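These are notes on the model, set out point by point for a reader who has the coordinates open. They begin with an annotation from the record and then turn to the fold.

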Amino acid sequence: MENLSNISTIREIMDRFGFQFSKSLGQNFLINPGICPKIAEMGGAAVETGVLEIGTGFGVLTHELAKRAKKVVAVELDSRLLPVLDYTLSEHKNVKVINQDILKVDLHKLIEEEFQGMDVYVCANLPYYITSPVIMALLEQSLPIKAVTVMVQKEAAVRLCANLPSRDCGAVTVAVRYYSEPRQLFTVSRGSFMPAPNVDSAVIRLDVKKDKPLSGDAERRLFAVVKGAFSQRRKMLCNTISSSLSVSKEQVSKALKDADIKETARAEELSLDDFIQFSNCLYQTTE
Ligand code: SAM
């Protein structure tokens with residue numbers, strides 16, 4: 001079905017299936033016809049690729065992905081949408097809809113079973129309240145995926161794609177930069193959705209790094225340091241790290257010095273490499 005971003009078509013489908021939008025599931029469907037083709041193109045959907053879509057709605061993005069990719073697996077939590085998707089996506093033989101909560105899916109198994117031999121891309125227009133947990137779940141599991149392209153709240157896009165160091169960065173920025181190369185693709189106004197949300201959005205793409213800088217304990221320590229560092233972002237690391245990780249200020253100072261970072265530094269002044277060096281030095285100092 002071509003015109004899923006048309007308001008009359010959406011109303012007709014709602015009548016036909018007795019469907020009402022669920023606020024708690026973040027159901028704001030795209031009605032701007034220019035957006036989904038762009039997400040599909042820029043998100044990596046192409047011949048021979050597999051796309052995992054999260055949050056299908058009426059299938060407006062799924063349709064654009066299915067036109068371009070070899071196979072689309074679409075995970076949608078709301079079971080009321082299953083008969084709708086049977087109807088709206090009936091022309092596409094390369095789409096499989098899975099009725100599950102994305103945060104409960106075994107993604108390693110899904111990718112292995114569904115996308116044998118394909119480069120895999122993730123595309124999603126998700127409720128805003130689960131974008132960060134979903135992004136982190138996708139990145140942290142070392143999944144064999146090339147990139148994650150996702151619609152997020154405009155302000156979240158700034159933080160997720162911020163440079164390091166910068167005033168816009170936070171703990172999530174460090175995590176995203178650790179696992180991927182992020183970039184903002186384009187912004188999307190609130191009027192592009194039905195119903196319209198109270199905020200504007202942006203589409204971002206995270207190109208997943210092949211090799212992570214650390215693993216095991218060193219990785220766990222790094223994220224403990226990052227979490228502690230940003231727990232009070234305006235304070236100096238000497239104070240935030242010693243209180244959040246229960247180490248002495250002297251030990252923090254020594255680790256900063258060993259890592260070649262000034263003693264008065266705050267979290268937002270560190271690059272990813274600084275965080276890695278600092279975390280390694282801190283644990284050498286405290287062991
Ligand atoms: N992709 C469609 C579009 O662009 O019009 C729908 C986007 S709507 C913002 C988000 C969709 O995610 C809804 O269909 C909602 O039911 C679904 N959803 C919400 N929580 C989910 C979860 N935990 N797992 C999978 N899908 C979820």
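Which residues does the UniProt annotation "binding site" cover?

1. The UniProt record, an unreviewed entry, places N28, L30, G55, E76, D101 and N125 under "binding site". The model discussed here is predicted, and the points below are computed from its atoms unless they are said to come from the record.

2. Two of the annotated positions, N28 and G55, can be described further. N28 sits in the loop between helix 1 (7-17) and strand 1. N28 is buried, since 21 other C-beta atoms lie within 10 Å and the cut-off for burial is 20 or more. Leaving aside neighbours within four places in sequence, the contacts of N28 are F193, P195 and P197.

3. G55 belongs to the loop between strand 2 and helix 3. With 27 other C-beta atoms within 10 Å, G55 also counts as buried. Not counting residues up to four places away in sequence, G55 touches E76, A124, N125 and L126. Among these contacts, E76 and N125 are themselves covered by the "binding site" annotation.

4. As a whole, the protein has 12 helices and 9 strands. Its C-alpha trace spans about 70 × 40 × 25 Å along the principal axes. Of the 287 residues, 37% count as buried. Among contacts with a separation of 6 or more, 64% are between residues 24 or more positions apart.

5. The record also gives a domain: UniProt (unreviewed entry) places "domain: Ribosomal RNA adenine methylase transferase N-terminal" at residues 35-210. Over that range the chain is 36% helix and 27% strand, and the C-alpha atoms at the two ends are 29 Å apart.

6. The sheet is open and holds 7 strands in the order 4-3-2-5-6-9-7, with mixed pairing. Strand 4 (95-98) and strand 7 (180-188) are at the edges; each has a single partner strand, so one side of each is left without a neighbour in the sheet. On average, and ignoring direction, neighbouring strands are turned by 20 degrees against each other.

7. At one edge, strand 3 (residues 71-75) and strand 4 run parallel and are joined by 4 bridges. Within that pairing, A74 has V97 of strand 4 as its bridge partner. Helix 4 (residues 81-88) completes a right-handed β-α-β unit with strand 3 and strand 4.

8. At the other edge, strand 7 pairs with strand 9 (residues 201-208) in the antiparallel sense, over 8 bridges. E181 stands opposite D207 of strand 9. Helix 8 (residues 171-179) packs on the sheet here, touching strand 7 and strand 9, and its direction makes about 115 degrees with that of strand 7.

9. Helix 2 (residues 35-43) lies across strand 5 (119-125), strand 6 (147-153), strand 7 and strand 9. The angle between helix 2 and strand 5 is about 150 degrees.

10. Is helix 3 (residues 60-68) largely enclosed or left open? Of its 9 residues, 7 are buried, so helix 3 is largely enclosed by the rest of the structure. The buried residues are V60, L61, T62, H63, E64, L65 and A66. They pack against strand 1 (29-30), helix 2, strand 2 (49-54), strand 3, strand 4 and strand 5.

11. In soluble globular proteins, nonpolar side chains tend to be buried together. Here the largest nonpolar core has 77 residues, and L65, V122, C123 and I204 touch the most other members. L65 is also one of the buried residues of helix 3. Apart from neighbours within four places in sequence, I204 is in contact with V150, V152, A157, L160, C161, P182, R183, Q184 and L185.

12. Outside the annotated domain range, D274 is found in helix 12 (residues 272-286). D274 has 17 other C-beta atoms within 10 Å and is therefore partly exposed. Its contacts, not counting residues up to four places away in sequence, are A259 and I261. The C-alpha atoms of D274 and L256 are separated by 9.2 Å, and the two residues are 18 apart along the chain.

Methods. Residues numbered from 1 in each chain as written. Predicted model: local features only at pLDDT ≥ 70, side-chain atom pairs only at ≥ 80, totals over all residues. Pairing = 2+ DSSP bridges. Axes fitted to C-alpha atoms, helices over the stretch in contact; angles between N-to-C directions. Contact = placed C-beta atoms within 7 Å. Right-handed = clockwise from strand over helix to strand, strands pointing away. UniProt positions renumbered as here; feature names shortened; annotations may be inferred. Core = buried A, V, L, I, M, F, W, Y, C linked by C-beta atoms within 7 Å. Buried ≥ 20, exposed ≤ 12 C-beta atoms within 10 Å, placed from the backbone.
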